[in-house]
Amino acid sequence: MWQDFKKFALKGNVMDLAIAVVIGAAFGKIISSLVSDIITPLLGIVLGGIDFTSIIWTVGKSEVLIGNFIQSIFDFLIIAFAIFMFVRLLMKFQRKKEDVIEEGPTIDAKEALLVEIRDLLKQQK
């Protein structure tokens, strides 16, 4: 059983997943800081200091913190947009890298002649 567990735990996919979780957690902290420390205050300035967290509905003796919920939705949209822009930027760099790789080797005159002969022989059959 220990050997099977070792094989499973040390597989490339499991290690990649573990690394992705750790990096994702760190990236989540960066994005949360970006939203709470930079974007939200700037939007507060632009929108005149609107703070949704102060919206509270009182029902009997209970308080429904609808403002916190609205603020969470707002934060989610900002975070989703920030991640979308980051992924889009990464994909743009990836496409440029693939374009450079896809050029492939050039064929010299001898190889081109051999390819032409091969194609002619295929047509005759």
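**Figure 1. Two aromatic pairs in a predicted model.** The structure holds two aromatic pairs. The model shown is predicted. One pair joins Phe27 and Phe86. Their ring centres lie 5.0 Å apart, and the planes meet at 40°, a tilted arrangement. Phe27 belongs to helix H2, which spans residues 12-46. Phe86 belongs to helix H3, which spans residues 66-101. The pair therefore ties together parts that are 59 residues apart in sequence.

**Figure 2. Surface exposure of the Phe27 and Phe86 pair.** Are these rings buried or exposed? Phe27 is partly exposed, with a relative accessible area of 22%. The cut-off for buried is under 20%, so Phe27 falls in the partly exposed class. Phe86 is partly exposed too, at 38%.

**Figure 3. The Phe81 and Phe84 pair within helix H3.** Phe81 and Phe84 form a tilted pair. Their ring centres are 6.5 Å apart, with the planes at 35°. The tilted class lies between stacked, under 30 degrees, and edge-to-face, over 60, so an angle of 35° counts as tilted. Both residues sit in helix H3, three residues apart. That spacing separates Phe81 and Phe84 by about one helical turn. Phe81 counts as exposed, at 53% relative accessibility. Phe84 counts as partly exposed, at 47%. The cut-off for exposed is over 50%, so Phe81 and Phe84 fall into separate classes.

**Figure 4. Leu34 in helix H2.** Leu34 is found in helix H2. Its relative accessible area is 29%, which makes Leu34 partly exposed. Which residues does Leu34 touch, not counting residues up to four places away in sequence? They are Ile39 and Ala82. Ala109 is a distant reference point: Leu34 and Ala109 are 56 Å apart in space, C-alpha to C-alpha. In sequence, 75 residues separate Leu34 and Ala109.

**Figure 5. Gln71 in helix H3.** Gln71 is found in helix H3. This residue is buried, with a relative accessible area of 13%. Which residues is Gln71 in contact with, leaving aside neighbours within four places in sequence? Thr40, Asp51, Phe52 and Thr53 are the partners. Of these, Thr40 comes from helix H2, since that helix covers residues 12-46.

**Figure 6. The setting of the close-ups: fold and extent.** The protein has four helices and two strands. Along the sequence, the pattern runs α-α-β-β-α-α. The radius of gyration is 28 Å. The globule rule gives 14 Å for 125 residues, so the protein is more spread out than a compact globule. The C-alpha atoms fill a box of roughly 90 × 55 × 30 Å along the principal axes. Among contacts between residues at least 6 apart in sequence, 38% join residues at least 24 apart.

**Figure 7. Surface and charge.** How much of the protein is made up of buried residues? They make up 6% of the 125 residues. Gln71, at 13% relative accessible area, is one buried residue. The accessible surface of the protein comes to about 11000 Å². Carbon and sulfur atoms account for 69% of that surface. The protein carries 14 positive and 14 negative charges. The mean positions of the two sets are 6 Å apart.

Methods. Residues are numbered from 1 along each chain as its sequence is written. This is a predicted model: local features need pLDDT of at least 70, side-chain atom pairs count only at pLDDT 80 or more; totals for chains, interfaces and linings use all residues. Side-chain values use heavy atoms; hydrogens and water are left out. Rings of Phe, Tyr and Trp (its six-membered ring) pair if their centres lie within 6.5 Å; planes under 30 degrees apart count as stacked, over 60 as edge-to-face and the rest as tilted. Buried means under 20% relative accessible area, exposed over 50%, partly exposed in between (1.4 Å probe, protein chains only). The radius of gyration is taken over C-alpha atoms; the globule rule is 2.2 Å times the number of residues to the power 0.38. Contact means heavy atoms within 4.5 Å. Accessible areas come from the Shrake-Rupley method with a 1.4 Å probe; for residues, only the protein chains shown count as cover. Lys and Arg count as positive and Asp and Glu as negative; His and the chain ends are not counted. The place of a charge is taken as NZ of Lys, CZ of Arg, CG of Asp or CD of Glu.
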